[in-house]
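Subject: Structure for your bench notes

Hello,

Here is the structure you were waiting for. My notes on its charged side chains come after it.

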Amino acid sequence: QVQLAESGGGLVQAGGSLRLSCAASGLTFSRSYLAWFRQAPGKEREFVAAITWVGFITYGDSVKGRFTISRENAKNRVYLQMNSLKPEDTAVYYCAASRTQAKDITSDYDYWGQGTQVTVSS
């Protein structure tokens, strides 16, 4: 079946950067809709960024101007470059995928990774 696996999380100081990576298998990656969500303790899962198979990108308001989503179809990977990190960015970050049109809500996506922890210290 479809499997997604995130990597690249860790501990970083405020103002620093991290790049998350998500490796996908079991689906036609080049035709998939991909996204990143995050979930902080006690909070709902929040939309971060999405990219369609033609490269159209959307971002959540809280990360605009700081995060960049990209995909590398030849490697079946989607990335999230996170710059100017804030303590409020601390969360488990999940990648998500869909074979059909999907945007910025969790129910749009059928497949999820198990998450990678990002912790931003002040």
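Below is what I found on salt bridges.

Please keep in mind that this is a predicted model. It holds five salt bridges, and I go through three of them here.

D89 is a good place to begin. Its side chain meets that of R38 in a salt bridge, at 2.8 Å from N to O. R38 belongs to strand β4 (residues 33-39) and D89 to the loop between β8 (77-82) and β9 (91-98), so this pair ties together parts that lie 51 residues apart in sequence. Neither partner is open to solvent by the cut-off used, which calls a residue buried under 20% relative accessible area. D89 has a relative accessibility of 1% and therefore counts as buried; R38, at 5%, is buried as well.

D89 also meets R66 through a salt bridge between their side chains, with an N to O distance of 2.7 Å. This pair again links distant parts of the chain: R66 sits in the loop between β6 (57-59) and β7 (67-72), D89 in the loop between β8 and β9, and 23 residues separate them. R66 is buried, as is D89.

How are these residues connected beyond the single pairs? R38, E46, R66 and D89 are linked in a network of salt bridges.

Another salt bridge joins the side chains of K64 and D61, at 3.1 Å from N to O. Is D61 buried or exposed? With a relative accessibility of 67%, D61 counts as exposed.

Regards

Key. Residues are numbered from 1 along each chain as its sequence is written. This is a predicted model: local features need pLDDT of at least 70, side-chain atom pairs count only at pLDDT 80 or more; totals for chains, interfaces and linings use all residues. Side-chain values use heavy atoms; hydrogens and water are left out. A salt bridge is a side-chain nitrogen of Lys or Arg within 4 Å of a carboxyl oxygen of Asp or Glu. Helices (H or I, at least four residues) and strands (E, at least two) are DSSP runs, numbered from the N terminus. Buried means under 20% relative accessible area, exposed over 50%, partly exposed in between (1.4 Å probe, protein chains only).
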